[in-house]
Amino acid sequence: MKLSITLSLALAGACSAFALAPGTTVRNTAAVGTAFDKPSAFVQHNPQHRSTTALSAAAAATASSDAIQSTRGGGATGFDIPLLIYFTLWYVGNYYYNISNKLALKATGGAAGFPMTISALQLGIGSIYGIFLWLAPDARTKPKVTMDDIIKMLPVAFCYAGAHSASVFSFSAGSVSFGQIVKASEPAFAAVLSQFVYNKPVSKAKWLCLPIVIGGVILASVNELDFAVSALVSACIANMFAAVRGNENKKLMETEGLKDRIGSVGNQFCITSILGFLLSIPFVLVKEGSRFGEFAEAFKTVPALRSNMIASALWFYGYNELSTMTLKKTNAVTQSVANTAKRVIVIIGVALVLGESLDFMKLLGCGIGVGGVFLYSIIDSIVKPKAEAAST
């Protein structure tokens, strides 16, 4: 993956920091501004046009706040073009992260290489970009968190780092498409934790959706050519960490005054990334520390590792921040549709690019599993209104 393409997403992230600064709201019914004069520049991935891409991104990043205020909405139809651009950048970033991440892992030998080191450095490089936004003039207001706030954020950061590292290891041990299919079953882990650990009951309708999700994952695994138990287990561990993180984050955000001290979604993500990177270091030293000299030599001599690792780090940070900002501006059903579409695009698109298997059973399992996740996400909004109407 070319670095210049990656920098385009990083600059797009900078644009989102300007356009979605604290106090700015993006809604379908509200007047909306955008700093993206040429959104197509960010989705261009043809290497022949990479210079144009980077220059267009730079031009967008330097657009003034006056331009943000002067360009309004999506015209007479009320179609929200800025929000569509954010969705597009989120999808493109996720897609390219998965490709560049897999290429970086392959360059060092896959699961036998340095998955823990690569995952930790991805968090570290992304953190540097987030810190840059704090230091750059008028880019992003610094948070005003206390040491007590930082300590309270540690469980969320640990789960964030654990989910990322486990995901990277899963992708190193097996195919990206298979890992993504297994990761789609995260609602099953979230339901169990919510019900039995956090005492937040899950509706019967949601429980009934889980066999569909699990059945889809099983079907996708039947004829998987790149199947590895370690890939399956690692993806499940990533799901567990992600589910715990979701619940812990809800508890964290209930802390009085914390939202005001953090200042923005971007600030919260940056702090979490920094803490996640620092918490990853001991695990890197234990698992791969004895071979760090070997990794350093590979970093200097293997261009595929160097370029793809830096690329994947920036894609990862950029698409995660964009997705967080985008989803906070949409309702639950839109979020469900967006996440479902993203998984389908990434699973099929990455498999085609990397030459991974896509036989009928895998596609069928993927469709059933992702469809089950979508149903799980919206089932309560379908069932509850009907139950309320019947009782009145």
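**Exercise 1. Count the disulfides in this predicted model, and state the burial of C159 and C236.**

Step 1. A disulfide is a covalent bond between the sulfur atoms of two cysteines. The rule applied here asks for a pair of cysteine sulfur atoms within 2.5 Å, and by this rule the count comes to zero disulfides.

Step 2. Burial is judged by relative accessible area, with buried meaning under 20%, exposed over 50% and partly exposed in between (1.4 Å probe, protein chains only). C159 has a relative accessible area of 7%, so C159 is buried, whereas C236, at 25%, is partly exposed.

Residues are numbered from 1 along each chain as its sequence is written. In this predicted model local features need pLDDT of at least 70, side-chain atom pairs count only at pLDDT 80 or more, totals for chains, interfaces and linings use all residues, and side-chain values use heavy atoms, with hydrogens and water left out.

**Exercise 2. Is D149 buried or exposed, and which residues does D149 contact beyond its neighbours within four places in sequence?**

Step 1. D149 belongs to helix α7, where helices are DSSP runs (H or I, at least four residues) numbered from the N terminus.

Step 2. D149 counts as buried because its relative accessibility is 2%.

Step 3. A polar atom of the D149 side chain lies 3.0 Å from the backbone nitrogen of T146.

Step 4. Leaving aside neighbours within four places in sequence, D149 is in contact (heavy atoms within 4.5 Å) with L258 and R261.

Terms used
Helix = DSSP H or I, 4+ residues; strand = E, 2+ residues; numbered from the N terminus. Polar contact = N/O pair within 3.5 Å; in protein donor to acceptor, adjacent residues only side chain to side chain.
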